[in-house]
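Work through the exercises below with the structure in view, and try each task before you read its solution.

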Amino acid sequence: MTIKACVLHKQNDLRIDEVALADLGANDVLVAMTHGGICGSDMHYYQDGGFGPIRVTDPIILGHEVSGIVEAVGAEVGNLIIGDRVAVSPSQPCFECDYCQRNEFQHCAKMRFMGSARTIPHVQGGFRAKMVTGKGQCFKVSKATSLANAACSEPLAVCLHAAAQAGPLAGKAVLVTGAGPIGALCAAVAKMQGAQSVVVTDLFDFTLNVAVKMGATKTINIGAQPKGIAEHIAEHGPFDIVFECSAAEPAILSAITAVRPRGTIVQVGVTGSISLPINAIVGKEINFRGTHRFHPEFEQAVDLIDRGVIDVTPIITQTYPMEDAVEAFRTAKNREKAVKVQLRLDGVS
């Protein structure tokens, strides 16, 4: 049996192809996919053919922010039934390597992450009409939760892991640089965890307005107000914690300036090599931390969305049928009018 899938053949060559559907194993689940969110890594694969040393060398089905409805279950699947609505986790660690044994699953030496070109052969992703996956990848949501929202579990999990790197947020002054999907969700997590204030910066009013809906207490358009952060610091003092989500060198430098001595910067956005003021990092004793993916946080994210603790609806700004994937990717590139663009994978527009 073949099904339709959104396949990247090479840079700027995205096609809707017929691909084979895998056989259903005893511990597998067949999911009729409904929604898939376009992530920054998907954009890099499409626009640039990869990022850093990671390159697309063979056709790859993109997508790792996905949800759907269980259509069939293997003989040994006991926790899911036909008709269950699920968010599908793309994180597939081996559970056996040294990192997994230390519960550092996001650093698994044999990680297979859906829609990733990091390994050869590439790991195929979820932008397809149907997908066979392991039962452990599927997390149920209630009928009251939209599957569009369920597909946002993956980026929310990224932000929950980032927040864990920062430490307790209650009562803290938080700065989020970059108001894309991850920045908006970091603002939501900071609000949920009791931050005293959540200031979000970006270059576009459209994305900043979404950040307000997600929990920002103040926004600063740094294009229109280049001294906005400095003025805020002069009035309210430096920030305890910065989530740097833009991966733009000026924003990273501003984060180093904006954070208080012995404060924490969590670098969420991914970029290449840049110049950093090491003396400032040393002199202020800044805790500069990286954050990479997630694993147990996916289940937490599904639960938060399912219970309505975090409403991700505001970040979903456009939805396209899979057949219009190229147009969807073009829209996702436009930060002046898009935050999270999703594909409908079930043929419904």
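The following exercises treat cysteines, nonpolar cores and a pocket in a predicted model.

**Exercise 1.** Find how many disulfides the structure has, and explain the result for Cys39 and Cys159.

*Solution.* A search of the whole structure gives 0 disulfides. To see why, recall that the two sulfur atoms of a disulfide must lie within 2.5 Å. For Cys39, the closest cysteine sulfur belongs to Cys159 and is 11 Å away, which is too far for a bond. For Cys159, in turn, the closest cysteine sulfur is that of Cys186, and at 3.6 Å this is also too far for a bond. As for their surroundings, Cys39 is buried, with a relative accessible area of 18%, and Cys159 is buried as well, at 1%.

**Exercise 2.** Describe the largest nonpolar core and the contacts of Leu156.

*Solution.* Begin with the core itself, which has 56 residues, and in which Leu156, Val200, Phe243 and Ile315 touch the most other members. Its largest share, 8 residues, comes from helix α4, residues 153-166. Next take Leu156, which, leaving out residues up to four places away in sequence, touches Leu185, Val189, Ala301, Leu304, Ile305 and Ile310. Apart from the largest core lies another core of 44 residues, including Val29 and Phe329.

**Exercise 3.** Which strand gives the most to the lining of the second largest pocket?

*Solution.* This pocket holds about 230 Å³ of space, and among its 15 lining residues Arg112, Gln124, Arg128, Met131 and Val132 lie nearest its centre. Strands β2 and β11 each supply at least two lining residues, and β11 gives the most, with 3. Sorted by class, the lining has 9 nonpolar, 4 polar and 2 charged residues.

Methods: Residues numbered from 1 in each chain as written. Predicted model: local features only at pLDDT ≥ 70, side-chain atom pairs only at ≥ 80, totals over all residues. Heavy atoms only, no water. Buried < 20%, exposed > 50% of the residue type's maximum accessible area, 1.4 Å probe, protein only. Core = buried A, V, L, I, M, F, W, Y, C linked by side-chain atoms within 4.5 Å. Helix = DSSP H or I, 4+ residues; strand = E, 2+ residues; numbered from the N terminus. Contact = heavy atoms within 4.5 Å. 1 Å grid on protein atoms, 1.4 Å probe; cavity = no way out; pocket = protein on both sides within 12 Å on 5 of 7 lines; lining within 4 Å. Points joined across faces, edges and corners; volume = space filled by probe spheres on them. Nonpolar A, V, L, I, M, F, W, Y, C, P; charged D, E, K, R; others polar.
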